[in-house]
Structures are given as structure tokens and as C-alpha cells.
Amino acid sequence: MKLIRSLAAAALLAAAALASPGVTPAHADTLICAQYGSTTIQGKYTVMNNRWGSAAEQCINVTGSGFRIASQKGSTSGGAPLSYPAIYIGCHYDGCSPGTTLPRRLNQIGSAPSSISYGYVGGTFDAAYDIWMDPTPKTTGVNQMELMIWFNRQGGVQPVGGPVGNTTIGGRTWQVWQGNNGGNDVVSYVAPSPIPSWSFNVLDFVRDVDARTRVDGSWYLTSIQAGFEPWQGGEGLTVNSFSADIR
């Protein structure tokens, strides 16, 4: 049975937005089990547990450069994922990372170099790199455009919407999906095989979305994120390292 994120995901995300997680500076190997608990690392990035779609326990172990899913007790056979533990720079719902210059208009950004290293284990999940955009400099709530880069997927999961073709970005081939989850538009770029690590320019993907959708240079980049969406399992999934700069 194919697994897709249901329209109910939008309502759950909206409920998550109402939560106001306390952000505390991370120490070595900080364990976070609170549903919307978060912390900061390197004085620049926010790491969030973000267990928005499940009542089951989920804990992340935050390191100086990323995090690992230490416990994930939830399970679902379809619909939306259980959570989105992730690290980000910028503004996500009602939390902004330390000293961020986001939101910033796309036509005022010269480049956005980023690097990500993942560690994979078994389970049903996608490794999601998210880029959020909106026509306004939004720092709270849901943005109108979600650009997802799927570095890996296991267990038959698929993005929102349907496939619309293939493209080449950053020297790699991607299958492109487009749809709407009931709360925002989504364009997803799915790797044909798992990518454990990569350095690239975020704007290369933004330009492709610009050519496909109503997004243009007057829109704002609000956040850059990397993490996992688990449906089942996932203990041991790791963001080894993450970096992103807005220039």
C-alpha cells in the first residue's frame, strides 16, 4: 500500500504551530523528548523534535553538529508521517534560529551554499531537506510554498501530489512531484537512489521552482531545514552535520 501524506496533515501542522516550544542552548549530547522541544547549536541553528503527528514517544539526541533519533515508538500504515525532527536556519512557525537574516527576498540573495550529511538505518521514512518560501516576510505560521528535496526514502512512501517529470539540478537527476497538502503548495525533488551527503546551492532548486510555479523573485526565503519524516521505525537515523549560509 502506498503511503501518502493526507490532507489531515495540514490541520495537524496548524495545531503544531500553536505550540510555543522553549528553546534552550544545547550542551553535548542533549536529549530532547518533549513533543515540540528544541535547542540551538553552534549559536546559529535550531534543532527541533517536532513530533506533530503522533502521541507516541520520540526522543532526539542533539550533538554539536546535528542529531540522532534515539527513540521513536510511533507507527502508522498510511497518511501523514509521525513527525519531522530537523535542524534549521531561519524562522519556522513561531521560532527563529539565533541571529538569522531570514526572511529575505529571493531577489536579494546572491547564493545559498549548503551542506548535509545523513546517516541511514532501516524503517519507513524519507530524508527531507525543506526550503520554505512565502510572498510575505513571514516569521510565524505556515508558508505558501514548501520545496522538498528527498535525499532518501524507504518503505514505499511518496511525496504530496504526483510526478510531473524529471530534471537535472546540481549535476544530479531528480524526479519532480507537485501537489498541495491542504495547507500549502509542495514541490518535491526525489533522488533515484539514496544520497548520504552533498554540498550544493539551495538557489539552484529555488530557480527551478520559480520556473514551475507562482514563486518569483519578490517572494521571501524563510527557512532552510534538514531532517526526517518517519512513518515506522527510524531509531538511529542521523543528521551528522548541516550547514547553510545566505549571501
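## Notebook: strands, a helix and salt bridges

**Entry 1. Strand β10.** I began with strand β10, residues 113-119, and found that 6 bridges join β10 to β18, the two running antiparallel. Within this pairing, G119 stands opposite T238 in β18. I note here that the model is a predicted one. As general background, I wrote down that strands of a sheet pair through backbone hydrogen bonds, either parallel or antiparallel.

**Entry 2. The sheet around β10.** Next I looked up the sheet to which β10 and β18 belong. It is an open sheet of 6 strands in the order β2-β5-β6-β18-β10-β16, and the pairing is antiparallel. The edge strands are β2 (30-32) and β16 (197-201), each of which pairs on one side only. I also looked up the twist: on average, neighbouring strands of this sheet are turned by 20 degrees against each other, direction ignored.

**Entry 3. Helix α2.** I then asked which strands α2 lies across. They are β10 and β16, and the helix runs at about 65 degrees to β16. At the N-terminal end of α2, N201 acts as a cap: one of its side-chain oxygens lies 3.0 Å from the backbone nitrogen of L203. I listed the buried residues in α2 as V202, L203, F205, V206, D208 and V209.

D208 also takes part in a salt bridge, its side chain meeting that of R212 at 2.5 Å, N to O. The helix covers residues 202-212, and R212 and D208 are 4 residues apart in it, so about one helical turn separates them. Is D208 buried or exposed? D208 has a relative accessible area of 15%, and buried means under 20%, so D208 counts as buried. R212, with 30%, is partly exposed.

**Entry 4. Other salt bridges.** How many salt bridges does the count come to? The count is 5 salt bridges. In general terms, side chains of opposite charge can pair when their charged atoms come close. Besides the pair in α2, I looked up two of them.

One is between the side chains of K44 and D245, at 2.5 Å, N to O. This pair links distant parts of the chain: K44 is in the loop between β3 (38-41) and β4 (45-48), while D245 is in the segment after β18 (238-244), 201 residues apart. K44 counts as partly exposed because its relative accessibility is 24%. D245 is also partly exposed, at 28%.

Another is between the side chains of K73 and E235, at 3.4 Å, N to O. K73 lies in the loop between β6 (67-72) and β7 (86-92), and E235 in the loop between β17 (220-233) and β18, so the pair ties together parts that are 162 residues apart in sequence. K73 is exposed, with a relative accessible area of 54%, whereas E235 is partly exposed at 37%.

**Entry 5. Two hairpins.** I moved on to strands β13, β14 and β15. β13 (residues 162-169) and β14 (residues 172-180) pair in the antiparallel sense over 7 bridges. They form a hairpin with 2 residues between them, and G170 in the turn has a positive phi of about 60 degrees. β14 is joined in turn to β15 (residues 185-190) by 6 bridges, again antiparallel. β14 and β15 form a hairpin with 4 residues between them, where G182 in the turn has a positive phi of about 95 degrees.

Which residues pair with Q175? In β13, N166 stands opposite Q175, and in β15 the bridge partner of Q175 is V190.

**Entry 6. G161.** I looked up G161, which is found in the loop between β12 (145-154) and β13. G161 is partly exposed, with a relative accessible area of 44%. Leaving out residues up to four places away in sequence, G161 touches W177, Q178 and G179. I also checked G161 against D185: they are 24 residues apart in sequence and 9.4 Å apart in space, C-alpha to C-alpha.

**Entry 7. The whole protein.** Last, I noted some totals. The protein has 2 helices and 18 strands. Of its 247 residues, 54% are buried. The protein exposes about 9300 Å², and carbon and sulfur atoms supply 51% of that. Among contacts between residues at least 6 apart in sequence, 68% join residues at least 24 apart.

Methods:
Residues numbered from 1 in each chain as written. Predicted model: local features only at pLDDT ≥ 70, side-chain atom pairs only at ≥ 80, totals over all residues. Heavy atoms only, no water. Salt bridge = Lys/Arg side-chain N within 4 Å of Asp/Glu carboxyl O. Buried < 20%, exposed > 50% of the residue type's maximum accessible area, 1.4 Å probe, protein only. Pairing = 2+ DSSP bridges. Axes fitted to C-alpha atoms, helices over the stretch in contact; angles between N-to-C directions. Contact = heavy atoms within 4.5 Å. Polar contact = N/O pair within 3.5 Å; in protein donor to acceptor, adjacent residues only side chain to side chain. Areas by Shrake-Rupley, 256 points an atom, 1.4 Å probe, with all protein chains shown as cover.
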